[in-house]
Amino acid sequence: MTPVQTIIESVGTYLPPRVVTTREVLDGCREPIRVPLERLTGIKSRHFAGEDEFAIDLATESIQDCLKHSRIKASDFGLIISANISRWDGDGCVGYEPSTAVTLKDRLGFTNALAFDISNACASLWTAAFVADAFIQSGAVRHAMVFSGEYISHLTANAQREIESYLDPQLASLTLGDSGVAVAMSASNRTGVGFEGFDMYTLGKYSRLCVAKPSDQPHGGAVMHTDAVKVTASIVPHAAAHAEHVLQATGRHVEDLQHIIPHQTSRMTIQGALDEIAKRLNSDCRHQMIDNLQERGNTASTTHFLAMRDCIDNGRIRTGDKILFAISGSGQTTGTAVYTCDDMPDRLRGGEKNGQSTPSEVKLHGEAMLTPFTLDHISLATPAEGTRADSMTLMKEAASSCLNRSDLSRDEIEMLISVGVYRTDFLTEPALAAMLAGDLGINADAAADNPVKTFGFDLLNGSIGFLNACHLLIEMGRAGRIECGLIVASEVENNLDLPDTPTIGLCEMASAAILRESTDGESGFHAFRFDSYPTELDDYRVTAHWNHPSGRTCIQPKIAPDLAERCLPWIRQSVNAFLSEQGLSLDDIDWLLPPQMGKGYPHQVATELGMPRDRTVDICDDSLDRFTSSTPAAMMHLMDGPTASNGSAGQVAKTGDKGLIINVGSGFQVACALYQF
């Protein structure tokens, strides 16, 4: 059988019409900044979003452009991932729930796609592409779309207010530009095209060299603090070594490539990378290097594909060309992708319109896992009495406990995913997973040729994020990428110390779970199903407002009070469909693990489904929602014994027992999983 190759089937872009020069950016600073920014960075101008354009609008425009040039219909995509760092979807308003991908799923016609968001600083879009490639290689989907709408000019506006000199850590914010990019990826049976080598990993030791979060000034807004000198000095050698490593693994030499596309940050950084690559590979790569900084600036997660599309449009990139993408992002993510173009460049230049989609050869929902992955160990953490909950403190406690209980060493963890939504200080960049990898020393400074490295990123999809992450890790395993991973979650109530602001009703806690290949071939996850019911989309929305009258960022939830009860029929509908796919009935299920959304709700779900109370896990002894830790807490209850005062002493799963896991999330989404203990 011809192996499946993943190809880039279409690339869509959007650049807002407003153009701002570097001179205008410097002139707009409150304090004079005497630095030759244009000469140092190579950036003459960049695009800024209009007054009524925000991240979700930029993403929408790029998706529509991608579909315009694609042969694939929106309804034939099996997976869509939103990957923008900035989720500023209104003036000072950041979207938290539902995820951007879920919001756009119904709006743009991706009716059959699994949808979630990924956040991993400037490497976010490539992280999404790495995940999508694994889903395609595993056979879970045939077509995937990853996209990003980067509205980041608000960082420039805040830097102009706050920056005091050319040594200020916000100087990099003066190089930013807005854009949207969408990339359609597809399975192909053609040889000699698509991704030949593709690898990404995290160097957590350097995770705090670039941090984006709310400003501490009265005017509010967001700031990005970057130690550009340390970033360049620390990361460029790693990037060059990794490029050499991936090229060797693919049997390629740098001279086989027509193009090298690095992350477009500044001309000085690119030149440093070029010099390092030339030194390691003994080759002058200047003629291969692509740099579109002059009229684009640094557009964060979209830079590589924006540069690719620019060079397709101007005729530089053609059919059959080989490209090396040098990937980097705060956290610190390093990656390399070696790619050979099919006829996509010529199709895009020719303006070819939509054709017929290739029918999907596999089904995502309900497909049995070839090799089950099992939950090895689970740990929970809650704040010490009288202390304020802190995301990183709780995550480190839960993860350390989980790793200490496992026979795996920390350096054997190949993937680390954080699924927490509400975090201390409203941190936007870097990924919490990258910071945790650094704090716990998980392959935090691994060499490029280490046989085992760790890749960390955040997955955001409300309370079903944990099951999304489990599914993702399993598809990574089926694609031959990993054998084990660590999933962490941590939630805090951001408004607790803000008077006259509403809270969401979260249980402040963290969880950590190790997922690894089953040793007996039977225990572990056997199937998943993810449904969305868009009629309920507007009844659960949570945003963060970064210009609150108090001078502090706050959460503003808009949640229908009866939504949980109204959605019980949706849960029943999804469960019935899932069990039917698996050829099972509730009589075959030993344990029901419903959403742990507060006292009484697990048994409301059980009553709706007709499941006996003594076979239903209910660990809620208060009204608080366990949210992203709902499933791991319920699983830990069955694996390790009761964890709540109202838990039944007899609720411990036996070997071979089947568990039906259910969770619900904003969107409105229902996730189901079948697990064998």
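Between which two helices does the loop that holds N282 lie? N282 is in the loop between α8 (267-281) and α9 (293-296); helices (H or I, at least four residues) and strands (E, at least two) are DSSP runs, numbered from the N terminus.

The model is predicted, so local features need pLDDT of at least 70 and side-chain atom pairs count only at pLDDT 80 or more, while totals for chains, interfaces and linings use all residues. Residues are numbered from 1 along each chain as its sequence is written, and side-chain values use heavy atoms, with hydrogens and water left out.

**Backbone**

Most residues other than glycine have a negative phi, and most peptide bonds are trans. N282 has a positive phi, near 55°, and counts as exposed at 69% relative accessibility. Buried means under 20% relative accessible area, exposed over 50%, and partly exposed in between (1.4 Å probe, protein chains only). F426 also has a positive phi, near 55°, but F426 counts as buried at 7% relative accessibility.

F426 is placed in the loop between β17 and α13. P430 is found in the loop between β17 (415-418) and α13 (432-440), and the peptide bond from E429 to P430 is cis, with omega near 5°. A cis peptide bond also runs from G667 to F668, with omega near -15°. F668 sits in the loop between β25 (658-665) and β26 (669-676).

**Nonpolar cores**

A nonpolar core is a set of buried Ala, Val, Leu, Ile, Met, Phe, Trp, Tyr and Cys residues joined through side-chain atoms within 4.5 Å. The largest one has 90 residues, and W126, M308, M415, L472 and F525 have the most contacts inside it. Helix α5 (residues 124-138) gives the most to this core, with ten residues. Apart from this core lies another, of 56 residues, including A212, A222, V542 and L609.

Contact means heavy atoms within 4.5 Å. Leaving out residues up to four places away in sequence, the residues that M415 touches include F130, T454, F455, L472, M476 and I482.

**Cysteines**

A disulfide is a pair of cysteine sulfur atoms within 2.5 Å. The whole structure holds zero disulfides. The table gives two cysteines, each too far from its closest cysteine sulfur for a bond.

| Cysteine | Closest cysteine sulfur | Sulfur distance | Relative accessible area |
|---|---|---|---|
| C210 | C122 | 7.0 Å | 7% (buried) |
| C672 | C567 | 13 Å | 1% (buried) |
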